[in-house]
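I opened this entry to keep track of what I looked up, going from the overall fold to one helix and its partners.

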Amino acid sequence: MSRSLEELRQSQFHQELGRKMCAAYVAQQQGTALETAYRKADPIGDLWLHVAEFARHGCSGSMDQEHPSAADQ
């Protein structure tokens with residue numbers, strides 16, 4: 001089950017994961033060092049909190065349990 005936006009905003013895990021994912025994206029797009037992008041990625045927007053939750057949810061394997069037909073593709 002997904003978390004509410006307020007829960008994501010209060011979660012230190014989601015804040016950190018979202019920041020790291022944002023920094024990785026910006027560094028790749030702009031061709032800058034990851035460390036530089038990470039220093040500048042604070043604060044992050046709500047989009048990156050949702051991306052972090054989606055990644056956490058996907059890595060936990062629950063996506064395959066909820067959507068078994070997606071695993072067959």
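I began with α4, where I found W48, L49, A52, E53 and H57 to be buried. I keep in mind throughout that this is a predicted model.

I then checked the length of α4, which covers residues 46-59: at 1.5 Å a residue its 14 residues should span 20 Å, and the end C-alpha atoms are indeed 20 Å apart, so the two values agree. Following the chain just past α4, I noted that G61 takes a positive phi of about 85 degrees.

Next I stepped back to the whole protein, whose secondary structure I recorded as 6 helices and 0 strands, in the order α-α-α-α-α-α from the N terminus. Buried residues make up 23% of its 73 residues. For the surface I noted about 5400 Å² exposed, with carbon and sulfur atoms supplying 54% of that area. Of the contacts between residues at least 6 apart in sequence, 53% join residues at least 24 apart.

Which residues form the largest nonpolar core? I listed 9 of them, namely L8, C22, A23, A27, A37, A41, I44, W48 and L49. The elements that give two or more residues to this core are α2 (12-30) and α4, and α2 gives the most, with 3 residues. As background I wrote down that in soluble globular proteins nonpolar side chains tend to be buried together.

From that core I picked A23 and looked up its contacts, setting aside neighbours within four places in sequence; the partners of A23 are L34, A37, Y38 and A41.

I then turned to how α2 and α4 pack, and found that their axes come within 8 Å and cross at roughly 100 degrees. Because angles of 65 to 115 degrees count as roughly perpendicular, I entered α2 as roughly perpendicular to α4. On the α2 side the residues that meet α4 are F13, H14, Q15, L17, G18, M21, C22 and Y25, and on the α4 side the residues that meet α2 are W48, L49, V51, A52, E53, A55 and R56.

Is V51 buried, partly exposed or exposed? This residue is found in helix α4, and I recorded V51 as partly exposed because its relative accessibility is 26%, while buried means under 20% and exposed over 50%. My last look-up paired V51 with L17: they are 34 residues apart in sequence, and their C-alpha atoms are 8.9 Å apart in space.

Methods: Residues numbered from 1 in each chain as written. Predicted model: local features only at pLDDT ≥ 70, side-chain atom pairs only at ≥ 80, totals over all residues. Heavy atoms only, no water. Helix = DSSP H or I, 4+ residues; strand = E, 2+ residues; numbered from the N terminus. Expected span 1.5 Å × (residues − 1). Buried < 20%, exposed > 50% of the residue type's maximum accessible area, 1.4 Å probe, protein only. Core = buried A, V, L, I, M, F, W, Y, C linked by side-chain atoms within 4.5 Å. Contact = heavy atoms within 4.5 Å. Areas by Shrake-Rupley, 256 points an atom, 1.4 Å probe, with all protein chains shown as cover. Axes fitted to C-alpha atoms, helices over the stretch in contact; angles between N-to-C directions. Parallel < 35°, antiparallel > 145°, perpendicular 65-115°, else oblique.
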